[in-house]
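Q: I'd like a close look at one charged contact in this model and at what else is going on in the fold. Can you walk me through it?

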Amino acid sequence: MNCSTWLSLILVLVKPWPCFTSTQNDSTQNTDQSFTAVRRAKRGWVWEPLSVTEEQSSTVSVYVGQLKSDLENQDGNLKYILTGEGAGSIFFIDENNGKIYVTQKLDREKKPFYTLRAQAINSKTQLPVEPESEFVIKVQDINDHEPQFLDGPYVATVPEMSPEGTSVIQVTATDGDDPSYGNSARLLYSLIQGQPYFSVEPKTGVIRMASGMDRETEDQYLVIIQAKDMVGQAGALSATATVTINLSDINDNPPKFQQQLYYMNVSEEAPVGTTVGKVFAEDGDIGENAAMDYSIEGDSSDVFDIITDNETQEGIILLKKKVDYESKRRYSIQAKVVNRYIDDRFLKEEPFEDKTIVKIDVEDADEPPVFTLENYVMEIPEEAVGGTVVGVVTARDPDNDHSPVRYSIVHGMRLKRLFSIDEHNGTIITTKPLDRERASWHNITVTATETRNPEKISEANVYIQVLDVNDHAPEFPKYYETFVCENAVSGQLIQRISAVDKDDSTEGHHFYFSLDQEATSNSSFTVKDNQDNTAGIFTAKSGFSREKEFSFYLPIIILDNGTPPLTSTNTLTVTVCDCDTQVNIFYCRYRAFMYAMGLSTEALVAVLACILILLVFFLAIAAIRQQRKKSPFSEKMEEFRENIVRYDDEGGGEEDTEAFDISALRTRTVMRMHKPRKKVTTEIHSLYRQSLQVGPDSAIFRQFISEKLEEANTDPSVPPYDSLQTYAFEGTGSLAGSLSSLGSNLSDVDQSYEYLTDWGPHFKQLAGMYTSYRSVGD
């Protein structure tokens, strides 16, 4: 070989575990050759074949391989140096012969290979004789990891009666060994426990059902799965996992009654809705698959009913109609049960229903009397005399001993005064005449009591209708206010009348109207029957005089169609009104009132005027009294105003009173300078001007304070304690003084208004008015 070339070696270290098979070695050789082909560089190194034994230990240096340069035979002065990963700690090289040793156990799963660098130098000159070359020591895998089920334990659910081969669940194990080298990571699954109901696919770990299974026989299975590496060969490692397989329910079982014949009993006193008994059908299924519905077949379904208790799935037999021991003492009914939810797959095998017979005996009981009718309706004419028979009620004891019955009426004081009953035969009679117009129906309650057992009582309602008798004559429905004008013409309709009758006519009321025979010959009016229960009042002449005859009284006869017919005479008052042919009701009422009072229009106006004057007089008196109730010094409030005084609730002295400081009134009087309009010499005018300029030291102010003090001392409405009242001026007036002309007639001196122009633009228009006024006066 050429000395300038290197051979990049791949040294394979085998850990001290069992040796691989020949197949695995072949695979290893193939892997090493391909790896060497990639890493091959310069040639110049020679390596010795590797031999590994399973007895190698981490406590003894294990020979791995040898590095040898082809220049070693020239002078024998070569020295080998090893650097790189693990050099000096894990790997050691004999510097004289190039042999490499490993000093500790290596784990491929932690580090699969190590990259090292080798160099040959002259031991004398310490100079390299070969360039540094890199090589890889690969840690060859052995089967040192057992399989693991990371997701176990497993739980799966599969419907019962599933066909053979149904997939249940897939289990998966993992192996930490190298899956690319040998069979260390190749797993094989097998079933340790669970035959013959389940099977597992060796390569995939899928568990399948081996045959159809019934949940009602066993609803849970515990299956153990084993996973082996090395494809199950000798020396393989294994692990197991448990799989809990639950069978879910399907509706594959029909309901079955526990008994083919049931015996029950019920008392004849039991009310409707009473529970007679219960039946139960067993169903091997659970949940909604065990839900069932009960029913009763045959004619007995009219007397009894059956419902399902959804919690217990029991059939509850109820009394649908009261039973009678004397009528029927035993019932035989057929009860049927079916599944509420049916799986069509199992209908071909057998019907999902069952039937049973239930015999129900009726127990005798001491029952209360029974009326022949629940409600009685009777009739009696009104005005029937006391003691008249209204009707008869009948009750009997339904028991075999037929106990006698005693009758009575449950009533209040009012019914007690109207009806009574014979306690032996149940005959109801009246105690006094009845009036239909007061009450057309009477409702009474009759009781029947066993004489041998007074606790057995029953009741019946009796409705008594009072039949109408024509005992009320017809009459006007209201008071008619009828007027006729003085200028009315003959044949003029002045009123339409009708009638009412308190009686109740079965055919409908029909009334007939006419005038009394004595009034017909000399009456000024006629009555025309309209044949519709109304009539019209017409004038029989033209012209009426109020002065001669103010009112007319017409006796009108009304006849009804009762049996026998009754008549009544009703008086219609017709008042003459001084109107034209058309009547104004309001005007005629007024005129009639005036005429009845004997007053003329002028007299009525005078009376109203007097009333109005008296009203105004009383209003004036009330206003004066109201004015007097006002403050006695309200007229003095134009120039003064009182300050608000606040008192502390907890205090009681002048220190607690916060009021206006009286010293504020003692400020210097501000004299307002202006040009006087004219000289006022009278005392009144002087006092007027002084009132605008007064101060605390002014006699007018002191007089004002004295007056206020006197008013407060004599006023009975003030509080019974001293109070501090503070008064302040609004001001002493404007600089312009008063512009009033009230005192202008007190002086003959002419007043100049030129000073108004000096007051600014606000008084410009006023200055112009007075200037023009003076010009005109001049």
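Which residue forms a salt bridge with Lys-111, and how far apart are the closest N and O atoms?

A: Lys-111 pairs up with Glu-85, and the closest N and O atoms of the two are 3.6 Å apart. That fits the cut-off, a side-chain nitrogen of Lys or Arg within 4 Å of a carboxyl oxygen of Asp or Glu. Keep in mind that the model is predicted, with local features needing pLDDT of at least 70 and side-chain atom pairs pLDDT 80 or more, while totals for chains, interfaces and linings use all residues. Numbering starts from 1 along each chain as its sequence is written, and side-chain values use heavy atoms, leaving out hydrogens and water.

Both partners sit in loops: Lys-111 between β6 (99-102) and β7 (113-122), Glu-85 between β4 (78-84) and β5 (91-93), so the salt bridge ties together parts 26 residues apart in sequence. Strands here are DSSP runs (E, at least two residues), numbered from the N terminus. Across the whole structure, a search turns up 14 salt bridges.

Now for a sheet. Four strands make an open one, ordered β9-β15-β14-β11, with mixed pairing; strands pair if DSSP finds at least two bridges between them. The edges are β9 (154-159) and β11 (188-193), each pairing on one side only. Neighbouring strands of this sheet are turned by 30 degrees against each other on average, direction ignored, going by axes fitted to C-alpha atoms. At the β9 edge, six bridges join that strand to β15 (residues 238-248), and the two run parallel. Val-158 is the residue that stands opposite Leu-247 in β15.

Key:
Axes fitted to C-alpha atoms, helices over the stretch in contact; angles between N-to-C directions.
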